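Reader: I'd like to go through this model with you and ask what stands behind the labels. Could you show it to me before we start?

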Amino acid sequence: MRFRSVLVAGHQGLVGSAVVRNLRRNGDVELITRSRKELDLRNRDAVDRLLRDTKPEAVIIAAAKVGGIQANSRYPVEFLLENLEIQNNLIAASFVAGVQKLLFLGSSCIYPKSAPQPIAEDAILTGPLEPTNEPYALAKIAGIKLCQAYARQYGANFISAMPTNLYGPNDNFDLESSHVLAALLRKAHDAKLAGRRSLMVWGTGTPRREFLHSDDLADGLRFLMENYDAPDVVNVGWGQDVTVRELAEIVCDVVGFSGDLEFDHSKPDGVPRKLLDVSKLGKLGWKPRISLREGIRSTYDWFLKEGDR
Ligand SMILES: NC(=O)c1ccc[n+]([C@@H]2O[C@H](COP(=O)([O-])OP(=O)(O)OC[C@H]3O[C@@H](n4cnc5c(N)ncnc54)[C@H](OP(=O)(O)O)[C@@H]3O)[C@@H](O)[C@H]2O)c1
């Protein structure tokens, strides 16, 4: 790492824990971390103090209020307000503290619902968003714009990466708030233990989704921290997608659940397809390595050892 000290906000989450593992493996860097118990990132004064006292050379913002379709539709206020608070506090305090480089994480849901597939970075703000996660997406777009504003107005090296759907160790396996892959893993595991004959999947099973292992993402983020210094966003993805049905089949196979798949058509599908165009990052010189099946297998091994959070 070209920086001597890095503040990783949200270091216990899916992305943050992968970033910490990756930075530890790849060189001598002082890691600065605080759990939510130690410091609530919604508290501006506490965030100012943290940055002033620790003076990190670089900051990676992996802290956010994150959730699946259900949580997003139930708690639009929290998804908009908490994300704005966390990112505004960290970005503004980093600038004041003279942080040399900051990486902000957006998400593929910042792109319009009907963006041409695969979605290139320039699709941002070209059409209406998917309504189910609009508050979250708007907060993320505001974070990208704030980083770009600091770059334009003050020359700050604040960059933004847009990851696709992620999975891996420390994922959220709570069925109320999890994303599709972790939810399927949990359901298949529970169905196997209970000896059930079938497993219910939300929606029709036909939407296409792309998945990236969090260790691949963390590697891509380190690459960007070291090699990319422009305010324009960069997509980080696997580059290929599968249907939800195909995903469920791989999950059941890895877990060892041999019952039938049933599809609950009363539940929302979300957008029909979401695949990122990852050619920009590819041209810069980075590619992911962990195949979906291999990644699901290691995530399930982790789940069996560590249980859910
Ligand atoms: N997961 C995905 O599929 C995905 C896809 C694309 C982009 N991303 C982006 O990646 C980033 C990280 O996501 P993730 O999946 O790693 O989420 P996560 O597993 O929920 O981790 C988020 C972390 O932020 C912490 N946090 C949240 N609110 C906080 C607060 N007020 N004060 C202090 N800490 C707080 C959480 O602490 P607690 O555990 O104590 O709540 C947790 O450690 C987000 O910006 C997200 O938009 C994620």
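Author: What follows is a set of questions about the labels, each answered from the values. Keep in mind that this is a predicted model.

Reader: Fine. Why is Asp241 called buried?

Author: Buried means under 20% relative accessible area. Asp241 has 12%, so the label fits. Asp241 sits in the loop between strand S10 (234-236) and S11.

Reader: What makes the pair Asp241 and Arg273 a polar contact?

Author: The cut-off is an N or O pair within 3.5 Å. The side chains of Asp241 and Arg273 are joined at 2.6 Å, so they pass. The side chain of Arg208 also makes a polar contact with that of Asp241, at 3.3 Å. Looking at touching residues beyond four places away in sequence, Asp241 has Arg208, Arg209, Glu210, Arg273 and Leu275.

Reader: How do you know that S8 and S11 pair?

Author: Two strands pair if there are at least two bridges between them. Strand S8 (residues 208-209) and S11 have two, in the antiparallel sense, so they count as paired. Arg209 stands opposite Val242 in S11.

Reader: What makes S11 and S13 edge strands?

Author: The open sheet has three strands in the order S11-S8-S13, with mixed pairing. Strand S11 (242-243) and strand S13 (273-274) each have a single partner strand, so one side of each has no neighbour in the sheet.

Reader: And strand S3, how do you know that S3 pairs with S1 and S4?

Author: The same test of at least two bridges applies. S1 and S3 have four bridges, in the parallel sense. S3 and S4 also have four, again parallel. Both pairs therefore meet the cut-off. For landmarks, Val6 has Ala58 in S3 as its bridge partner, and Ile61 stands opposite Phe104 in S4.

Reader: Why is S3 described as covered on both faces?

Author: Look at which residues are buried on each side. Ala58 and Ile60 are buried on one side, and Val59 and Ile61 on the other.

Reader: What makes up the largest nonpolar core?

Author: It has 42 residues, and Leu41, Leu51, Leu90, Ile91, Leu102 and Tyr111 have the most contacts inside it. The elements that each supply at least two of its residues include strand S1 (5-9), helix H2 (44-54), strand S3 (58-61) and helix H4 (76-96). There is also a second, separate core of 30 residues, with Val19, Leu23, Leu103 and Leu105 among them. As background, nonpolar side chains tend to be buried together in soluble globular proteins.

Reader: What touches Tyr111?

Author: Leaving out residues up to four places away in sequence, the residues include Ile119, Ile124, Leu129, Met162, Val233 and Leu276.

Reader: Now the ligand. How do you know that the protein covers it?

Author: Start with the atoms. A ligand nitrogen is 2.9 Å from an N or O atom in the side chain of Asp40, and a ligand nitrogen is 3.0 Å from a polar backbone atom of Leu41. A polar side-chain atom of Lys140 lies 2.6 Å from a ligand oxygen. With the limit at 3.5 Å, these distances therefore qualify as polar contacts. As for cover, the ligand alone exposes 890 Å², and the protein buries 88% of that.

Reader: Which residues are closest to the ligand?

Author: Val15, Arg36, Asp40, Tyr136 and Lys140 are the closest of the 26 that surround it. Helix H1 (14-25), H5 and strand S6 (165-167) each supply at least two residues of that shell.

Reader: Why is Ser17 called buried?

Author: Ser17, in helix H1, has a relative accessible area of 9%, so it is buried by the under-20% rule. A polar atom of its side chain lies 3.3 Å from the backbone oxygen of Leu14. Ser17 also touches residues including His11, Pro169 and Asn170.

Reader: What makes Leu125 exposed and Asn170 buried?

Author: Exposed means over 50%. Leu125 has 55%, so it is exposed, while Asn170 has 18% and is therefore buried. Phi is positive in each: near 60 degrees for Leu125 and near 70 degrees for Asn170.

Reader: Why are those phi values worth pointing out?

Author: Because most residues other than glycine have a negative phi.

Notes:
Residues numbered from 1 in each chain as written. Predicted model: local features only at pLDDT ≥ 70, side-chain atom pairs only at ≥ 80, totals over all residues. Heavy atoms only, no water. Core = buried A, V, L, I, M, F, W, Y, C linked by side-chain atoms within 4.5 Å. Buried < 20%, exposed > 50% of the residue type's maximum accessible area, 1.4 Å probe, protein only. Contact = heavy atoms within 4.5 Å. Near = heavy atom within 4 Å. Polar contact = N/O pair within 3.5 Å; in protein donor to acceptor, adjacent residues only side chain to side chain. Areas by Shrake-Rupley, 256 points an atom, 1.4 Å probe, with all protein chains shown as cover.
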